[in-house]
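Reader: I am new to this structure and would like a close look at a single part of it. Could you take one residue and place it within the whole?

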Amino acid sequence: ARRFMAAYGSPNFVEMPSLEISRAVAEKAQFGHTNQIGYDLGKASFVLSFGCALIEGWGSPVRSIQAYSSWKTKGGVKLVQVDTRASLTASKADDFVAAAPGTEGALALALAHVIIRDGLFKKDWVEAHAFGFEEFKNLVIREYAPKAVSELTGVPAEKIEALAKEFAKAKAPLALGGRGAGAAPTPVYELMAVMALNALVGNINQPGGVIVRRSLPLTPLAEAPVDDKAKTTLAMPRLDGALSAKYPLTPSILENLTDAILGGGPYPVNVVILDQANPAFFGANPSAFVAALAKAPLVVTFNSLADDSGMLADLALPETSNFDGPVEVTTPPSVPFPVFGAAGALTDTGFDAKPIGDILAGLAKAVGGSAAQALPFKNHAEMVQKAAEGLFSSGRGRVAKGNLAADVFGQKDEPQKFKDVKEFQKALAAGRFWYDPGFTFGVLENTFLTPSTKFEFFSQTLQAALAGFVGEKGPEAAMVELGLKAKADQLCLPHYEPIAPKPSDALPLLMMPVEQLKMVTNARGNAPYLTKLLEDITLAGNELVVEIHPETAEKAHLYEGDLARLDTLKGAAHVRVHLFEGARPGVIYAPLGLGHRGFGYYLRGKGMNPMEFVDRTPDPLSGQALWWGTKANLTKV
């Protein structure tokens, strides 16, 4: 899709907001590359998770749950969950650290303060493999003492001290960042602060640590040809402001695209193509995207389901599902080794649907010129086969005989042994995965592609990327325009930026959308039987149920199951109330995944969509909208 857009001549390839975009920016800032970070969960001895929903879908869900099971089976592994509520992961953890919403980054820096102050960091590793340590040290010692951070987070200072020492002294300590299951963006500075903990204890490319995985050796495509007309239009500014002087490391920003379409932008939009994306439901402003679609002369959807966005399309070119069409899988998030799988259709539904590769190749052929040359494939299957040839010719990796996770953890497979590429392709088509677990712990060569060739506490990559913006605006003005509250000398260092708004007299509570195991936010929506599995404490009839602490309920004179009015600055809705001791007092937790305009009987009109009511705060480094705290109120109806 990205290749088609470039050859066609549009710079506006935009992805849905996600944790992965936040991670990409943070990884680029500290490691100098993107999408190469994984975690050796199975060998960790102390796992410190900053809001990661390890048991509710974070990273590679099956692998995360399998790692958790192995920790409990073998013993000796401690899981500490930092979270604002007693989520499923927090309830299963050995220790639950309840922090105020939006303060996870500050807590990570307070732990760094103790580790550095008490000399518990790996001095030899930091001296040999890290850049900017003195700047980072001065910052955390000066501003993130446990007592000061305790007042901000609500975590006792003694707890911060003890947790820092336990983490630093563990055999294989691993800190994980990225709140929720992965659908919602996380502040980039927060991710950088958490990763700094791993660097302090030297647990990068070590057993049980952060792993910079090997590349996925797919056959590289020649550079896409671009004709003169396409060159002219590609030179136009992106509508979403991504890859600009202000957001140089961010690949896309959905909310800015919406604003640009509604505001006229630098140029009008003639066509909007939706490919397995549902911005009219998920994102920081679904209703605004609905209005933006109404301004576009032509809206096309590739979804085979009538989702919220597709319902508004002028034309549907249905894409096959994972069951009735070919499918390929590349390395899932958090997995520490490269993975590739490809398989054909399981069923023939007979519906008028095509694989996405067939659709794009057909469009490219119809457009002609450089677009046709950029996608010179007959169909989707040929495109995947060509890409997979590189795996065979690399001579690397293994092909799983059965269950990928079991084979990898047990190392049962032998290196790939196929007489030719056709036999290799046949194995892939039968559903067998290629993977490359070959990795030498302790090797750091080519691990850091930063200017210093080291892990960067002070990011020179970020400094260079923002040099033009800072130079044009001036340091202080640049910080203000980026929405930063810190001093200019902290721009390239992990630091805490407040993102949760302060409650007011009219709106004395905070609302937080919450991802749940049984509900999805993507363009496929919940399957009917998943919706039937929802308990009455999530969906009561057709009404969404929100969680609040009994103390919060008492102040509002609310009881279990009461109907209440939820108010935010964006509007109001009726919800039911569930009293939950694991909720943080003063916070309303609203489940994500309900309140659809589209789909069918099992989803449409059930509950409400919290994303219609959130406040959005742009992340200073990624530009993605953060919605981890919205001023709100609950009143009895």
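Author: A residue is called buried when its relative accessible area is under 20%, exposed when it is over 50%, and partly exposed in between, using a 1.4 Å probe and protein chains only. By that measure, 54% of the 637 residues of the protein count as buried. This is a predicted model, in which local features need pLDDT of at least 70 and side-chain atom pairs count only at pLDDT 80 or more, while totals for chains, interfaces and linings use all residues. Residues are numbered from 1 along each chain as its sequence is written, and side-chain values use heavy atoms, with hydrogens and water left out.

The part to look at is Thr331, which sits in the loop that joins β11 (327–330) to β12 (339–343); strands are DSSP runs of E with at least two residues, and helices are runs of H or I with at least four, both numbered from the N terminus. From this loop, the side chain of Thr331 comes to 3.0 Å from the backbone nitrogen of Val339, a polar contact being a pair of N or O atoms within 3.5 Å, where within protein one must be able to donate a hydrogen and the other to accept it, and residues adjacent in sequence count only if both atoms are side-chain atoms. Leaving aside residues up to four places away in sequence, Thr331 touches Arg213, Phe337, Pro338 and Val339, where contact means heavy atoms within 4.5 Å.

Around this loop, the protein as a whole has 23 helices and 24 strands, and its C-alpha trace spans about 65 × 60 × 55 Å along the principal axes.
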